[in-house]
Amino acid sequence: MNSLWGIDLGGTKIEGAVLKDSSSTETVCRLRIPTEADRGYEHIVSRVAELVSMMENEVGAKAERIGIGTPGSADPGSGRMKNCNTTALNGRPLPTDLKAALGKEVIVANDANCFALAEAQLGAGRGADVVFGVIMGTGVGGGIVVHGRVLNGAQGIAGEWGHNVLEPNGQKCYCGKTGCVETVLAGPWLERHYEHLSGKRKPLKEIVDSARQRSDAHAAATLDRLCSKFGEAISVVVNILDPDVVILGGGVGNIDELYSDGVKSLEKWVFNSELRTRVVRPILGDSAGVFGAAHLCLISKLRR
């Protein structure tokens, strides 16, 4: 059986899917259960094991190996989790514990890497040699796929452009630095910037709508800043990585102006006379995380 098994471990839900094969988005099985993260680390591990058992019962077969996308990454040196917004996972040897709980090979990667891998193999980056997948939502992250392989890196932080410094005199980031890309481009920070200008709080969608209607100068300034700073920030990635395609995921990545004004800003900052990197929307929607996790199994097979 050439099916690929994947788990997307989120803060509120755990989703599992079995893909028919490596070239298909057709699922043999797709299930979701609540994470119940408030009940602690051991309970999260047991919930993953419970879901895998449900999947195996539905498919009528046992998984040989399972790819698992996580909200954070496993440190290559210690094997312990870090940078997880599901904080119960931080500092814990999740890959080792999942392998023991499931009794099979486990391949773990962060959710941004899974997004990038799915879009590279099955989605908007299909056929490209170098893909940079971006998550722009409540935070800013990214994943790199080269010739179908996820780049993890010596520290396990490859693709983390959200914590490059963009504004040295900017806002303090939770990571300890000041003026990170995340403090400029993430949704909550865009809302804070609008509030600083206007004295009012508004959801990002309302800010963008007001900017488009030209009914609010502060909203227009916030949207203009997003597009301008996006180009400046992503140019650092393009200059170093020179990807064929950049795919924008997450809620902020849905904003149309990024694909016009944001790309114009990137053209000004990139170290070339013209921009050949395509900036595109994802096409897999909320399937990207679990599909990318499943494709981690293929990478494991290729390494054997």
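Student: What makes α5 and α7 count as being in contact in this predicted model?

Tutor: Contact requires heavy atoms within 4.5 Å, and by that criterion Leu190, His193, Tyr194, Leu197 and Ser198 in α5 meet His218, Ala219, Ala221, Thr222, Arg225 and Leu226 in α7. By class, this contact of α5 with α7 has 6 nonpolar, 4 polar and 1 charged residues.

Student: Why are α5 and α7 called oblique to each other?

Tutor: The axes of α5 (residues 187-198) and α7 (residues 217-241) come within 9 Å and cross at roughly 140°. Angles over 145 degrees would count as roughly antiparallel and those from 65 to 115 as roughly perpendicular, and α5 and α7 are therefore oblique to each other. As for handedness, α5 passes α7 in a right-handed crossing.

Student: Turning to α2, how do you know which residues are buried and which are exposed?

Tutor: Buried means under 20% relative accessible area and exposed means over 50%; in α2 (residues 94-102), Leu94, Pro95, Leu98 and Leu102 fall in the buried class. These buried residues cover an arc of only 95° around the axis, which puts them on the same side of α2, whereas Thr96 and Ala100, on the other side of α2, are exposed.

Student: What do the buried residues of α2 pack against?

Tutor: The partners of the buried residues of α2 are α1 (41-59) together with the strands β1 (4-9), β4 (65-70), β5 (73-74), β6 (81-82) and β7 (105-110).

Student: Which residue follows α2, and what is the sign of its phi?

Tutor: Gly103 follows α2, and the phi of Gly103 is positive, near 70°.

Definitions and conventions: Residues numbered from 1 in each chain as written. Predicted model: local features only at pLDDT ≥ 70, side-chain atom pairs only at ≥ 80, totals over all residues. Heavy atoms only, no water. Axes fitted to C-alpha atoms, helices over the stretch in contact; angles between N-to-C directions. Helix = DSSP H or I, 4+ residues; strand = E, 2+ residues; numbered from the N terminus. Parallel < 35°, antiparallel > 145°, perpendicular 65-115°, else oblique. Left-handed = near helix turned anticlockwise from the far one by under 90°. Nonpolar A, V, L, I, M, F, W, Y, C, P; charged D, E, K, R; others polar. Buried < 20%, exposed > 50% of the residue type's maximum accessible area, 1.4 Å probe, protein only. Arc of directions from axis to C-beta.
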